[in-house]
Amino acid sequence: TRVTMAVHAAALIMATLQGSVVPILPRSVRPMHVAPRSSGVRMLFGLGGPPPPQAAVTDVCFLDVAVLSPKGDNKFEVGRLELSLYGNDAPLSCARFKALCAGDGGHSYRGTKFHRTLKGFVVQGGKLDEQLEPFVEGANALRHIEGALAMSNDGQSSNSEFFVTLREAQELDGSFCVMGHVTSGMKEVARDIDRRAGSADGEPWCTYIVTSCGVL
């Protein structure tokens, strides 16, 4: 039934963002078939720009992104993602994200991959070779609008992984901590990752990496 399909799809989405092993489900219940919800604040990048921020912006960070050739011996610059952070509403998540963009403490997002790319839903990155001290910051009242930046979690704590929503995702509200939004590069970077690497089960078709990052 449609209800059963929606339940399976929602469970797959949550498991993927929380870092669980993702089974390959029948096509009828894959996330790419979950109908997007309409949004009054839809981000039509290039057709009017992003919506106003949901909260006070405390910092702006950037991630420069490139795509690797199939053999991994060449990289081609894609563009820059600029992300505004809501430090007052998500202080722990924003502090961790900002520190990793700045390279504080010898750890950085530089060189990391966008390792999960759920077609038309989210792009996820920030997985480090060495895990940092986990932290717990509960979900806030901010919404997963299109272009929202949020911290991933394992169901309890977060570490370094983050995701950007490609559509409004009300089904994630109350489960993850929204810490900011994309202010530039949604079309050029996030949607390029989705177009070329996005898949139904989240396994990317090609490799996108962060070549540089920092705080503006």
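Partly exposed, as I will use it, means a relative accessible area between the two limits: under 20% is buried, and over 50% is exposed. Arginine 80 falls in that middle class, because its relative accessibility is 34%. Please keep in mind that this is a predicted model.

I will start with confidence. The mean pLDDT of the protein chain is 83, with 77% of its residues at 70 or more. Two stretches have a pLDDT below 50. One is residues 1-8, which in the model has four contacts beyond near neighbours in sequence. Another is residues 20-46, where the corresponding number is 52 contacts.

Now the salt bridges; the structure holds six. Arginine 80 takes part in one with aspartate 64, and the closest N and O atoms of that pair are 2.7 Å apart. Aspartate 64 sits in strand S1 and arginine 80 in strand S2, so this bridge ties together parts 16 residues apart in sequence. Is the aspartate buried or exposed? At 14% relative accessibility, aspartate 64 counts as buried, whereas its partner arginine 80 is partly exposed.

Next, helix H3, residues 186-197. Aspartate 192 and arginine 195 both belong to this helix, three residues apart, and their side chains form a salt bridge at 2.9 Å, N to O. Aspartate 192 also meets arginine 196 in a salt bridge, here at 3.1 Å. That second pair is four residues apart in H3, which puts about one helical turn between them. As a reminder, an α-helix has 3.6 residues a turn, so residues three or four places apart point the same way. Asp192, Arg195 and Arg196 are thus linked in a network of salt bridges. In terms of accessibility, aspartate 192 is buried at 10%, arginine 195 is exposed at 56%, and arginine 196 is partly exposed at 39%.

Last, helix H2. This helix covers residues 91-102, twelve residues in total, and spans 16 Å from first C-alpha to last, close to the 16 Å expected. Which of its residues are buried? They are Ser93, Cys94, Arg96, Phe97, Leu100 and Cys101. Viewed down the axis of H2, these buried residues fall within an arc of 165°, so they line one face of the helix. And what do they pack against? The partners are strands S1 (59-68), S2 (75-85), S5 (148-151), S6 (162-165), S7 (177-184) and S8 (208-215). S1 and S2 are also the strands that hold aspartate 64 and arginine 80. After H2 comes glycine 103, with a positive phi near 80°.

Key
Residues numbered from 1 in each chain as written. Heavy atoms only, no water. Helix = DSSP H or I, 4+ residues; strand = E, 2+ residues; numbered from the N terminus. Expected span 1.5 Å × (residues − 1). Buried < 20%, exposed > 50% of the residue type's maximum accessible area, 1.4 Å probe, protein only. Arc of directions from axis to C-beta. Contact = heavy atoms within 4.5 Å. pLDDT = per-residue confidence, 0-100. Salt bridge = Lys/Arg side-chain N within 4 Å of Asp/Glu carboxyl O.
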